[in-house]
Amino acid sequence: MPNARLAAARIASVDALRGFALLGILVVNIAFLASGYRMAGMAEPAFQSPLDWTVRFTVTLLVENKFYLLFSFLFGYSFTLQVDSAARQGRPFGPMFLRRLAGLLLIGLAHAVLLFPGDILTTYAAVGLALLIFRKLRPKAAVVLAVMLTAMLALGFVLLALLATFGLDMGGTVADSAAEATKADTALAASALQIISEHLRKLSLIIVFRVLFQGPAVLAACLIGLAVGKLGAMRDLSAHTGTLRKLQWTGFTVGLAGAFVYTTSAWHGTMHKFWGEAVDLVTAPLLAAAYAATFLRLLPYMPRIARALAAPGRMALSNYLAQSLICSLIFTGYGLALVDRVSPPLEVLIALGVFVCQVFYSHWWLKRHRYGPVEWLLRFLTYWSKPGPSRPHQARHSAAR
């Protein structure tokens with residue numbers, strides 16, 4: 001029984017951490033869903049007050065590029081749980097996981113085309129293939145590979161910064177970016193067909209970034225999750241207090257310093273932005289780790305917050321897609337068409353309000369159903385059979401995640 005209670009506490013902690021990451025992702029994504037200018041890498045010209053810039057600075061400093069890494073870490077960690085679950089059930093893991101990745105790819109493509117070209121599910125589907133190849137790596141080798149990937153990405157941005165120094169503008173001019181943003185705003189506020197066409201156009205523009213930069217960064221975070229899962233480090237967090245404390249000290253010093261460099265460079269010229277990206281690639285994972293370590297250490301003292309966050313974490317895929325749907329109904333021609341008409345402070349308030357609603361909805365749904373709606377669909381595609389009957393049950397970690 002003590003072991004069962006320990007396992008249940010561990011599972012609840014992972015679900016709560018996933019819910020926490022989901023909140024951070026929404027706070028970042030809503031700005032890109034709400035504005036063609038943000039998608040073009042620019043601040044919205046209609047919102048230039050000190051409060052607007054304070055919110056932009058704070059979100060970029062503390063949230064941007066941190067929480068998708070945390071979510072990716074959990075994807076890699078959950079991968080080890082799925083491997084173990086398949087072994088216990090005597091199922092061949094490879095074919096099952098490939099079906100899961102195919103399902104994730106289909107869902108991600110629909111999400112990218114219909115709602116948000118910044119979708120990350122398609123990236124996870126591709127990275128999942130790499131995890132399948134690397135699944136037998138020892139933890140130390142996985143960590144080394146993650147560090148090498150991160151270093152190579154950082155060096156790539158250093159190269160882009162140097163090229164910009166010698167006059168090669170890899171990012172386009174400000175006038176080009178403004179024209180791109182205006183074009184996006186017009187399309188996003190129009191009909192459904194025009195919105196989808198704009199999403200397809202955006203996808204064609206960012207595919208190189210996805211392949212060369214986002215994919216390796218996500219894979220590096222997943223490999224860290226793979227190593228942690230293989231080591232069993234989250235089975236008893238109290239046994240790793242010293243390690244968690246070191247992650248906090250490192251992340252909140254080096255990580256915050258790097259985030260400050262990135263933030264101050266993000267709104268300047270191409271050269272400055274590339275240098276900032278290079279620094280952020282190295283230091284953002286440290287700050288994300290500090291967030292996770294702090295959250296996990298505080299969680300036993302915050303049982304109500306843990307329970308609140310665990311429910312949206314258990315159906316994170318459904319909630320992630322629902323966030324894009326709700327924001328699309330607010331900001332695009334699918335609904336109110338308020339694109340570039342909402343200030344950054346109000347965007348953050350809307351994000352918080354949406355997430356609070358998702359907390360209540362997730363608790364309501366999981367009292368009546370075993371899985372979230374999209375999680376149910378993904379399980380069907382994974383096992384090619386109807387999942388077990390929906391019924392109220394205690395929170396538990398599903399291998400379909």
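A residue is taken as buried when its relative accessible area is under 20%, as exposed when that area is over 50%, and as partly exposed in between. In the predicted model described here, Phe57 has a relative accessible area of 29% and is therefore partly exposed. The same reasoning applies to Phe260, which at a relative accessible area of 45% is likewise partly exposed. These two residues form an aromatic pair whose ring centres lie 6.1 Å apart and whose planes meet at 70 degrees, and the pair is therefore classed as edge-to-face, the class for planes over 60 degrees apart. Phe57 belongs to helix H3 and Phe260 to helix H10 (residues 241-266), so that the contact links parts of the chain that are distant in sequence, with the two positions 203 residues apart. The pair is one of 17 aromatic pairs counted in the model, and elsewhere ring pairs join Phe20, Phe67, Phe252, Tyr291 and Phe295 into a cluster.

Helix H3, which carries Phe57, has 13 residues, for which a rise of 1.5 Å a residue predicts a span of 18 Å; the C-alpha atoms at its ends are 18 Å apart, in agreement with that expectation. The buried residues of this helix are Asp52, Val55, Arg56, Val59, Thr60 and Leu61. An α-helix has 3.6 residues a turn, and residues three or four places apart therefore point the same way. Arg56, one of the buried residues of H3, lies over the face of Trp53, at 4.6 Å from the ring centre. A further contact of this kind is formed by Arg38, whose charged end sits over the ring of Phe32, 4.6 Å from the centre of that ring. Beyond the helix, in the loop between H3 and helix H4 (67-89), is found Asn65, a residue other than glycine with a positive phi, near 70 degrees.

Both arginines also take part in the lining of an internal space. Five cavities of 30 Å³ or more were counted, and the second largest of them holds about 140 Å³. Its lining comprises 16 residues, of which Ala31, Arg38, Arg56, Val59 and Glu347 are the closest to the centre of the cavity. Helices H1 (2-34), H3 (50-62) and H14 (344-366) each contribute at least two lining residues, and the largest share, five residues, comes from H1. By residue class, the lining of this second largest cavity divides into ten nonpolar, one polar and five charged residues.

Helix H13 (residues 316-331) was examined in the same terms. At 1.5 Å a residue its 16 residues should span 22 Å, and the separation of its end C-alpha atoms, 22 Å, agrees with this value. Twelve of the 16 residues of H13 are buried, and the helix is therefore largely enclosed by the rest of the structure. The buried residues include Leu317, Tyr320, Leu321, Ile330 and Phe331, together with Ser318, Asn319, Gln323, Ser324 and Ser328. For Ser318 the relative accessible area is 7%, a value that places this residue in the buried class. The C-alpha atom of Ser318 is separated by 16 Å from that of Gly24, although the two residues are 294 apart along the chain.

The loop between H13 and H14 contains Asp340, a second residue other than glycine for which phi is positive, here near 60 degrees. With a relative accessible area of 13%, Asp340 is buried.

How values were computed. Residues are numbered from 1 along each chain as its sequence is written. This is a predicted model: local features need pLDDT of at least 70, side-chain atom pairs count only at pLDDT 80 or more; totals for chains, interfaces and linings use all residues. Side-chain values use heavy atoms; hydrogens and water are left out. On a 1 Å grid over the protein atoms alone, a cavity is a set of points where a 1.4 Å probe fits but cannot get out, and a pocket is an open set with protein on both sides within 12 Å along at least five of seven lines; lining residues have an atom within 4 Å of a point. Grid points are joined across faces, edges and corners, and a volume is the space filled by probe spheres set on the points. Helices (H or I, at least four residues) and strands (E, at least two) are DSSP runs, numbered from the N terminus. Ala, Val, Leu, Ile, Met, Phe, Trp, Tyr, Cys and Pro count as nonpolar, Asp, Glu, Lys and Arg as charged, and the others, Gly among them, as polar. Rings of Phe, Tyr and Trp (its six-membered ring) pair if their centres lie within 6.5 Å; planes under 30 degrees apart count as stacked, over 60 as edge-to-face and the rest as tilted. Buried means under 20% relative accessible area, exposed over 50%, partly exposed in between (1.4 Å probe, protein chains only). A charge sits over a ring if NZ of Lys or CZ of Arg is within 6 Å of the ring centre and within 35 degrees of the ring normal. The expected span of a helix is 1.5 Å times one less than its number of residues.
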